[in-house]
Amino acid sequence: MTDIRELTVGVLGGTGAQGKGLALRWAKAGLKVVIGSRNAERAEAAAEEVRAATGVGHVAGADNEGCAAQSDVVLVAVPWDGHADTVASLRAPLAGKVVIDCVNPLGFDKQGPYALPVPEGSAAQQAAALLPESRVTAAFHHVSAVTLADLAVESIEGDVLVLGDDREATDLVRALAETVPGFRGVYGGRLRNAGQVEAFTANLIAINRRYKAHAGLKITGL
């Protein structure tokens, strides 16, 4: 398996809380990171924030197409309502690459968060359908953006479920997860099982709201 530390990690939606938080942790771990956004200036501004916070120089900003083109493995952390259009527009630069979808299709009303129906079964399966030449995986759904952004928290204890149909790709993503101190990458099944993993985020948000916490997920017995 390719050493993840030799690769460039792209973060589409890297100006959002989840994407920027993961970019921050990967940059701090020594990985080369490219933050992507629809607006290149916003991406570069986010990259400057990460460089300043971590004291490293190996973080760049680019528009989404540039981010996809420059990176070896790419995290999709864009809003759900723009997911399909963004992913479809990047089919060419993402061809042959490992793509990690961490998008949670959720709705919110007075009763709280709830899972939205996705015709393909999940956001990750939608990405796989739109990116037939890419190696699509699903991961990083249950990680607190607040905790990621707080570098005073040196170790984030929790498991990252990684789903996919390509063993080498899921192993690579598990290794990427474990560059963050405290994270453990755990294989969570085939991509067809991504729907319930994405939907569980609604339960986790409800837990965190009730207990005023930033809880994650931990698998016991492994």
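This is a short talk on the pockets, strands, cysteines and aromatic residues of one predicted model.

Let me begin with the open space in the structure. The largest pocket has a volume of about 780 Å³, and 33 residues line that pocket, with Ala17, Gln18, Ala77, Val78 and Pro79 lying nearest its centre. If you want to trace the lining along the chain, three elements each supply at least two of its residues, namely α1, which covers 17–28, β6, which covers 106–109, and α9, which covers 194–211. Which of the elements gives the most to this lining? That is α9, with five residues. For those of you who think about the chemical character of such a surface, the lining of the largest pocket divides into 14 nonpolar, 15 polar and four charged residues.

There is also enclosed space to consider. The structure holds one cavity of 30 Å³ or more, and the space in the largest cavity comes to about 40 Å³. Its lining is made up of Phe140, His141, His142, Val143, Asp159, Val160, Leu161 and Val197. Strand β9, residues 158–164, makes the greatest contribution to the lining of this cavity, with three residues, and by class the lining of the largest cavity has five nonpolar residues, two polar ones and one charged one.

Phe140 leads me to the aromatic residues. The structure holds one aromatic pair, and that pair is formed by tryptophan 26 and phenylalanine 140, in an edge-to-face arrangement with 5.4 Å from centre to centre and 80 degrees between the planes. The two partners come from distant parts of the chain, 114 residues apart, since tryptophan 26 belongs to helix α1 whereas phenylalanine 140 sits in the loop between β8, residues 135–138, and α7, residues 145–149. Are these two residues buried or exposed? Both tryptophan 26 and phenylalanine 140 are buried, and for phenylalanine 140 the relative accessible area is 1%.

The backbone at this position also deserves a comment. Most residues other than glycine have a negative phi. Phenylalanine 140, however, has a phi near 65 degrees, a positive value in a residue that is not glycine. Lysine 212 likewise has a positive phi, of about 50 degrees, although it is not a glycine. The surroundings of these two residues can be set side by side: phenylalanine 140 lies in the loop between β8 and α7 and is buried, while lysine 212 is found in the segment after α9 and counts as exposed, at 76% relative accessibility.

Turning to the strands, I would start from β4, residues 73–76, which is covered on both faces, with Val73 and Leu75 buried on one side and Val74 and Val76 buried on the other. Strand β1, residues 8–12, pairs with β4 in the parallel sense over four bridges, and within that pairing valine 11 has leucine 75 as its bridge partner. β4 is also joined by four bridges to strand β5, residues 98–101, and these two strands run parallel as well; here valine 73 stands opposite valine 98 of β5.

A further pairing involves β6, which we have already met as one of the elements in the lining of the largest pocket. Four bridges join β6 to strand β7, residues 112–115, and the two run antiparallel, with glycine 107 opposite tyrosine 114. How many residues lie between β6 and β7 in their hairpin? There are two residues between them.

Finally, the cysteines. A disulfide is a covalent bond between the sulfur atoms of two cysteines. In this model the count of disulfides is zero. Why does cysteine 67 have no such bond? The closest cysteine sulfur, that of cysteine 102, is 13 Å from the sulfur of cysteine 67, which is too far for a bond, given that the cut-off applied here requires the two sulfur atoms to be within 2.5 Å. Cysteine 102 is accordingly in no disulfide, with the sulfur of cysteine 67 as its nearest cysteine sulfur. As to their surroundings, cysteine 67 is buried, with a relative accessible area of 0%, and cysteine 102 also counts as buried, at 6% relative accessibility.

Notes: Residues numbered from 1 in each chain as written. Predicted model: local features only at pLDDT ≥ 70, side-chain atom pairs only at ≥ 80, totals over all residues. Heavy atoms only, no water. 1 Å grid on protein atoms, 1.4 Å probe; cavity = no way out; pocket = protein on both sides within 12 Å on 5 of 7 lines; lining within 4 Å. Points joined across faces, edges and corners; volume = space filled by probe spheres on them. Nonpolar A, V, L, I, M, F, W, Y, C, P; charged D, E, K, R; others polar. Pairing = 2+ DSSP bridges. Buried < 20%, exposed > 50% of the residue type's maximum accessible area, 1.4 Å probe, protein only. Phe/Tyr/Trp six-rings, centres within 6.5 Å; stacked < 30°, edge-to-face > 60°.
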